[in-house]
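Biologist: Could you take me slowly through one part of this model, the place where its helices meet? I'd also like to see how that part sits within the rest of the chain.

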Amino acid sequence: MATVTQNPATGTAPGPSMREKVQGVINLIRPAVQADGGDIELVDVTADGVVQIRFHGACHGCPSSTMTLQMGIERNLREKVPEVTAVVPVT
């Protein structure tokens with residue numbers, strides 16, 4: 001059984017980390033990307049809110065991947081995780 005450490009100042013358990021929140025949103029987006037033969041991987045989330053993702057499958061090198069990134073992935077992430085400042089693809 002996992003032990004939950006409480007915040008001594010508030011007496012409450014800490015919420016999910018920003019990386020966990022981002023991964024949750026990516027998990028919601030992933031089926032739509034997979035339906036087109038691709039996939040996305042969360043590589044990193046920096047302290048200043050930059051999310052690094054990697055495209056796989058049909059998405060890797062696809063001319064539409066930039067549009068998918070900006071209009072789908074980044075929009076959803078920034079809407080659901082306000083701490084996200086940017087989303088960038090990495091190879």
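Modeller: Here is a walk through the helix contact, starting with the surroundings and then going residue by residue.

Keep in mind that this is a predicted model. The chain has two helices and three strands, and if you follow it from the N terminus, the elements come in the order α-β-β-α-β. There are 91 residues, 29% of which count as buried. If you take the contacts in the chain with a separation of 6 or more, 44% of them link residues 24 or more positions apart.

Let's do the sheet before the helices. It is an open sheet of three strands, ordered β1-β2-β3, and its pairing is mixed. Why does one side of β1 and of β3 lack a neighbour in the sheet? β1 (38-45) and β3 (86-89) are at the edges and have a single partner strand each, so one side of each is left open in that way. Going from one strand to the next, the twist averages 30°. As a reminder, strands in a sheet pair through backbone hydrogen bonds, in a parallel or an antiparallel sense. β1 pairs with β2 (residues 50-57) in the antiparallel sense, over seven bridges. You can pick out two of the pairings by eye: Gly 38 has Gly 57 of β2 as its bridge partner, and Asp 39 stands opposite His 56 in β2. The β1-β2 hairpin has four residues between its strands, and Gly 49 there takes a positive phi near 90°. Hold on to Gly 49, since we'll meet that residue again.

Now for the helices. α1 (residues 18-35) lies across β1 and β2 and runs at about 170° to β1. The other helix is α2, which spans residues 65-80. Two packed helices are usually described by the angle and the distance between their axes. Here the axes come within 10 Å and cross at roughly 135°, so α1 and α2 are oblique to each other. The crossing of α1 past α2 is right-handed. On the α1 side, Val 22, Val 25 and Ile 29 do the touching, and they meet Gly 72, Ile 73, Asn 76, Leu 77 and Lys 80 of α2. Sorted by class, that contact is made of five nonpolar, two polar and one charged residues.

Zoom in on Val 25, which lies in α1. Is Val 25 buried or exposed? With a relative accessibility of 6%, Val 25 counts as buried. Setting aside neighbours within four places in sequence, Val 25 is in contact with Asn 76, Leu 77, Lys 80 and Val 81. Lys 80 is 55 residues away from Val 25 along the chain, and yet their C-alpha atoms are separated by 7.4 Å.

Across from Val 25 you'll find Asn 76, which belongs to α2. Its relative accessible area is 18%, and because the cut-off for buried is under 20%, Asn 76 is buried too. Beyond residues up to four places away in sequence, Asn 76 touches Val 25 and Ile 29.

Another α2 residue to click on is Glu 74. Glu 74 is buried, at a relative accessible area of 16%. Its contacts, again without residues up to four places away in sequence, are Leu 69, Thr 85, Ala 86 and Val 87.

That takes us to Val 84, in the loop between α2 and β3. Val 84 has 2% relative accessibility and counts as buried. From Glu 74 to Val 84 you move ten residues in sequence and 8.6 Å in space, C-alpha to C-alpha. Which residues does Val 84 touch, apart from those up to four places away in sequence? They are Met 18, Val 22, Gly 49, Val 51, Leu 77 and Arg 78. Two of these are familiar from the helix contact: Val 22 of α1 and Leu 77 of α2. Gly 49 is the hairpin residue with the positive phi.

Methods. Residues numbered from 1 in each chain as written. Predicted model: local features only at pLDDT ≥ 70, side-chain atom pairs only at ≥ 80, totals over all residues. Heavy atoms only, no water. Pairing = 2+ DSSP bridges. Axes fitted to C-alpha atoms, helices over the stretch in contact; angles between N-to-C directions. Contact = heavy atoms within 4.5 Å. Buried < 20%, exposed > 50% of the residue type's maximum accessible area, 1.4 Å probe, protein only. Parallel < 35°, antiparallel > 145°, perpendicular 65-115°, else oblique. Left-handed = near helix turned anticlockwise from the far one by under 90°. Nonpolar A, V, L, I, M, F, W, Y, C, P; charged D, E, K, R; others polar.
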